[in-house]
Amino acid sequence: MARMVTTRRKAISTAAAWLVGFLIFFPILWMVLASFKTELEAFAIPPSFLFFHWTTENYVTVQERSDYFHHALNSIIIAGGSTLIAMLIAIPAAWSMAFSPTKRTKDILLWMLSTKMMPPVGVLVPIYLIYRNFGLLDTRTGLIFILCLGNLPIVIWMLFTYFKEIPKDILEAARMDGATIGRELIYVLTPMAVPGLASTLLLNLILAWNEAFWTLNLSTLEAAPLTVFIASYSSPEGLFWAKLSAASTLAIAPILVLGWFSQRQLVRGLTFGAVK
Amino acid sequence: MATQQTQLLARTLLTPAVALLFIWMVVPLALTIYFATLHYNLLDPGSESFVGLENFRYFLTDPAFLASLQNTLVLVGSVLAITIILGVPLALLLDQQVVGLSIVRLMVIAPFFVMPTVSALVWKNLLMHPVSGLFAWIAHLFGLPAIDWFNEAPLFSVILIISWQWLPFATLILLTALQSLDEEQKEAAEMDGASAISTFIYITLPHLARPITVVILIETIFLLTVFAEIFVTTGGGPGLQTTNIAFLIYSQALIQYDVGSASAGGLVAVVLANIVAFFLVRIVGRNLEA
């Protein structure tokens, strides 16, 4: 039975939670507001919170001046490509470890996890030189490849924990009924695995979209995704706050929406099942 | 026979992933070790020569190394302290009955999904700018002098931004753990007349010990190599005040083109991360058996 909660207590926790939530969210809100101001208003003191001249001109300028969509497309191709390839490699591996575990499965899983612990900066030099020699610097292919490898351990781990939860009895029943491995995979396993596959896909899209070590170091212009494009606003010259805000709002909006859908999977994916 | 077939199939399915990760782990690391023993500067091609441990001696005795090691430790330690000290009460608050909880949850989790370059630049310009930032205006309202954040307290400013990004992560994990806490246990304690404070100390806190450990380990691994936030706000400065190990290695490799020294530094970073990883892998492994 749930504990009785007095109305008073509920009112206090509600007020406190909303206040804290608002404070934490405020920088994002402030950025979105600034994106609808003119450059002068974005810079003005005292700042205006709602009563300013709302304009969408920043969004137009960002595209015209700096070819925003080129970088957005790069982000989509790089994050999407690396996630899809990682899934293609990870699904068979996770399937195999979840349904035909051997004595070494646990060691393999932990070893995969430990490859994720390697700090990227530890291998920056060789990767940079290899990329330079093979002409992979500032290419989408190069970034897709490196982000795919970087996220592969997380993808395998997430899929493994999801596949593990599929009851084995069902597979055995299917086998008894004479289902081949192919049929078993398509008709029995896939429908049960779809939610797990979807959340793995989602979380890794988010991680790849926001990745800002390899993208900053290995791309400059042609293949630069949004992380790098936004970084180009870090030069102190000029008043570009409203445009920075417009570009930033566009860059984070899609991922914020996806992220809100995948909060629960976030815990599973980033703690490797250590917290339930 | 069928099982043998299945096992063969299982191994075949596993091989590509294992092979790729193996190559990914071994080849770059072996190259880093190799480069670390060379005198090798990209600005001076053809001059590569074996120098043994000279790069390590150079990197480890470089005053920049000690400064950046200290910055790294201060940054990691502060962000951990801030996210956990604020994360525990925040998770407890969100575990209460709150009207519109799902919306509050969305607001709290949002910063984690903002790409690092965006959060760093928005904080630096819109909030912390000494003249036109919102913080300066708030200080002015209270009659206080505006703070020139990135000049007066550069490392603290970076810490503040990164804490904002990681507080949602800590909160979310602690909240998940709280929700798995047995309600009946708390009820029983309350019926026995335990105060809210002693329920927290004797029941809730021990239950949180494990998730807190996990938060510490995972955050540490990511925070040891914070890069983008420093890259777009301070560029490691002023002086070396916000240079951490990751940024130092980056500047030696891609600004000074000193491949040998940067590689030696890279290995130092790998060793540091491995100390943390050792404990994390053990905890995860123990959980895998249960």
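**Exercise 1. Which pattern does chain A follow along the sequence?**

Solution. Work on the predicted model.
- Read along the sequence, chain A runs α-α-α-α-α-α-α-α-α-α-α-α-α.
- Count by type: chain A has 13 helices and zero strands.

**Exercise 2. What radius of gyration does chain A have, set against a compact globule of 276 residues?**

Solution.
- Start with the reference. A compact globule of 276 residues would have a radius of gyration near 19 Å.
- Now take the chain. Chain A has 23 Å.
- Add the box. Along the principal axes, the C-alpha atoms of chain A fill roughly 75 × 70 × 35 Å.
- Add burial. Of the 276 residues of chain A, 47% count as buried.
- Finish with contacts. Take those in chain A between residues at least 6 apart in sequence: 78% of them join residues at least 24 apart.

**Exercise 3. Into which domains is chain A divided, and how many residues does each give to the contact?**

Solution.
- Domain 1 of chain A spans 7–59, and domain 2 spans 70–271.
- The C-alpha centres of domain 1 and domain 2 of chain A lie 32 Å apart.
- The contact takes eleven residues from domain 1 of chain A and eight residues from domain 2 of chain A.
- Look at the domain 1 side that touches domain 2 in chain A. There α1, α2 (39–43) and α3 (57–66) each supply at least two residues.
- The largest share of that side, four residues, comes from α1(A).
- By class, this side of domain 1 of chain A has six nonpolar, three polar and two charged residues.

**Exercise 4. How many residues of chain A are in contact with chain B, and which helix gives the most?**

Solution.
- Count both sides. 86 residues of chain A are in contact with 86 residues of chain B.
- Find the main contributor. Helix α1 (residues 7–35) of chain A gives the most to the side that touches chain B, with 16 residues.
- Sort by class. This side of chain A divides into 65 nonpolar, 17 polar and four charged residues.

**Exercise 5. Which residues have the most contacts inside the largest nonpolar core?**

Solution.
- The largest nonpolar core has 171 residues.
- A:A90, A:A94 and A:I156 have the most contacts inside this core.
- Helix α7 (residues 140–164) of chain A gives the most to the core, with 16 residues.
- Domain 1 (7–59) and domain 2 (70–271) of chain A each contribute at least three residues to the core.
- Zoom in on A:A90. Leave aside its neighbours within four places in sequence. A:A90 is then in contact with A:L152, A:V155, A:I156, A:L159 and B:A17.

Conventions. Residues are numbered from 1 along each chain as its sequence is written. Chains are lettered from A and ligands numbered from 1 in the order in which they are written. This is a predicted model: local features need pLDDT of at least 70, side-chain atom pairs count only at pLDDT 80 or more; totals for chains, interfaces and linings use all residues. Two residues are in contact if their C-beta atoms, placed from the backbone, lie within 7 Å. Ala, Val, Leu, Ile, Met, Phe, Trp, Tyr, Cys and Pro count as nonpolar, Asp, Glu, Lys and Arg as charged, and the others, Gly among them, as polar. Domain bounds come from an automatic or database domain assignment. A nonpolar core is a set of buried Ala, Val, Leu, Ile, Met, Phe, Trp, Tyr and Cys residues joined through C-beta atoms within 7 Å. A residue is buried if 20 or more other C-beta atoms lie within 10 Å of its own, exposed if 12 or fewer, and partly exposed in between; C-beta atoms are placed from the backbone. The radius of gyration is taken over C-alpha atoms; the globule rule is 2.2 Å times the number of residues to the power 0.38.
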